[in-house]
Amino acid sequence: MEEVDQHQSTTHSKPVDAAEASFEVYSWPVIKFDVPPHRTYHFYQQFRNTSNPNNFLKGVKWSPDGCCFLTSSEDNTLRAFTLPRNDSDDTPVVASSSASDEDSYAADIRVSEGESVYDYCWYPYMSSSDPTTCVFASTTRDHPIHLWDATSGQLRCTYRAYDAMDEITAAFSIAFNPYGTRIFAGYNKSVRLFDLHRPGRDFEQFSTLQGNKEGQSGIISAIAFSPTHTGMLAMGSYDQTTAIYREDNMELLYVLHGQGGGITHVQFSRDGNYLYTGGRKDPFILCWDIRNSVEIVYKLYRSTEQTNQRIFFDIEPSGRHLGTGGQDGLVHIYDLQTGQWTSSFQAASDTVNGFSFHPFLPMAASSSGERRFGIPDDCSDDFKLGGDENCASVWSFFYTSMTENSACVPFEELNGQAGHEQMQQDGE
């Protein structure tokens, strides 16, 4: 862990040369959301061929350097898929829910946890060019927090929290702070802070409920940090509140009320001025101006009225649009400047529970599926599920080229090898 910490320190002190300066001013292609994307890679069978007949995906997240994405599923397994190095040599996969579909390729690593996975996250300075930084953290029921090696699938270390009976208690949510030095973990009415390079049972603990009963009285279910290094973080709770804290001393700044269900996901805007929150059995993502927390700015609709499942949403790298799935199998794209619906596309015939934009390429990943039970024949149609499609997909968007007279071209026409060379430069 000292190697990871040393890399984090050198990342901030590295001088910027002329080549890097010119790279920073490069303008990435603008995604054209009015043109439906097409499915480039499809992963279906490896989520079917498991010991759990009721297996389904529970989310998908791109790595910070964009070289791979990580999925979580009901079979207590985390899978990492590496993006092929030359996309131009691969034939796009036709979207289909047929059971005979073949997967585009197999997962590079599979990490099997002992119990259900509550949450997982990437190390913020992860770069495939530096194996010491290729790690991700996970938290599972009745287990400590695990730090996994993303190249080998081996366990690096654990971070353990104990309750009053000196028994291990599991975190319900986890997140690295922006500097990659600490892990913040959410528990019932409390949050624990672990020093990344000091694994074991050493931690700081803070209560989320103040002496005057102000604060958050439930399980801390989601954590997000401001991307602008303002020292603020947001924590969502199953008590239907989201609170803003100071990172350095966990001082409670204010509490946001208005979500119709327990909070399942929170995310800051790219400029750090707005916060987006979503809850279970709540059809709206709420937008909050954290500079004026009195009222909700606007609401973004998604089809989640009848599910307790965590439905992840994400904001594109430019910060202009947000994408979210739902029970209708659609991914809805919203313009964050206006709060208006922009477009949507059919991503699956089942619930789309995860959607993640690539860190810098015009691509996205989605995951679909939900837990299924036997339904009586006389049950109302309103409670019957759609198609059974537990899969992960990678989507390629059309974009506006800045160098070809603003021509609309698909991402596959880019040189795949050059894209990954750029990926490496961005990660270093």
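**Entry 1: a four-stranded sheet**

I began with an open sheet of four strands in the order S15-S16-S17-S18, and I noted that the pairing is antiparallel. I then looked for the edges. They are strand S15 (220-225) and strand S18 (252-257), each of which pairs on one side only. I also looked up the twist. Neighbouring strands of this sheet are turned by 20° against each other on average, with direction ignored. I keep in mind that this is a predicted model.

**Entry 2: S16 and S17**

Next I took one pair from that sheet. Strand S16 covers residues 232-237 and strand S17 covers residues 241-246; the two pair in the antiparallel sense over five bridges. Which residue stands opposite threonine 242 of S17? I found glycine 236 there.

I went on to the loop between S16 and S17, where glutamine 240 lies. Its phi caught my eye. Glutamine 240 has a positive phi, near 75°, and is a residue other than glycine. Is glutamine 240 buried or exposed? Neither: I noted a relative accessible area of 35%, so glutamine 240 counts as partly exposed.

**Entry 3: a second positive phi**

I looked up aspartate 142 as well. This residue is not a glycine, yet its phi is positive, at about 65°. I placed aspartate 142 in the loop between strand S8 (135-140) and strand S9 (145-149). I checked its cover too. The relative accessible area of aspartate 142 is 56%. The cut-off for exposed is over 50%, so aspartate 142 is exposed.

**Entry 4: the whole chain**

I stepped back to the protein as a whole. I noted four helices and 31 strands. How much of the protein is buried? Of the 428 residues, 54% are buried. For the accessible surface I wrote down about 18300 Å². Carbon and sulfur atoms hold 47% of that surface.

I then looked at contacts along the sequence. I took those with a separation of 6 or more; residues 24 or more positions apart account for 55% of them.

**Entry 5: confidence**

Last, I looked up pLDDT. The mean for the protein is 85, and 79% of its residues reach 70 or more. Where does the value drop below 50? I marked two stretches. One is residues 403-407, with six contacts in the model beyond near neighbours in sequence. Another is residues 413-428, for which I noted 32 contacts in the model beyond near neighbours in sequence. In my notes both stretches carry the flag "pLDDT below 50".

Methods:
Residues are numbered from 1 along each chain as its sequence is written. This is a predicted model: local features need pLDDT of at least 70, side-chain atom pairs count only at pLDDT 80 or more; totals for chains, interfaces and linings use all residues. Side-chain values use heavy atoms; hydrogens and water are left out. Two strands pair if DSSP finds at least two bridges between them. Axes are lines fitted to C-alpha atoms, for helices over the stretch in contact, and angles run from 0 to 180 degrees between N-to-C directions. pLDDT is the predictor's confidence in each residue, from 0 to 100. Contact means heavy atoms within 4.5 Å. Buried means under 20% relative accessible area, exposed over 50%, partly exposed in between (1.4 Å probe, protein chains only). Accessible areas come from the Shrake-Rupley method with a 1.4 Å probe; for residues, only the protein chains shown count as cover.
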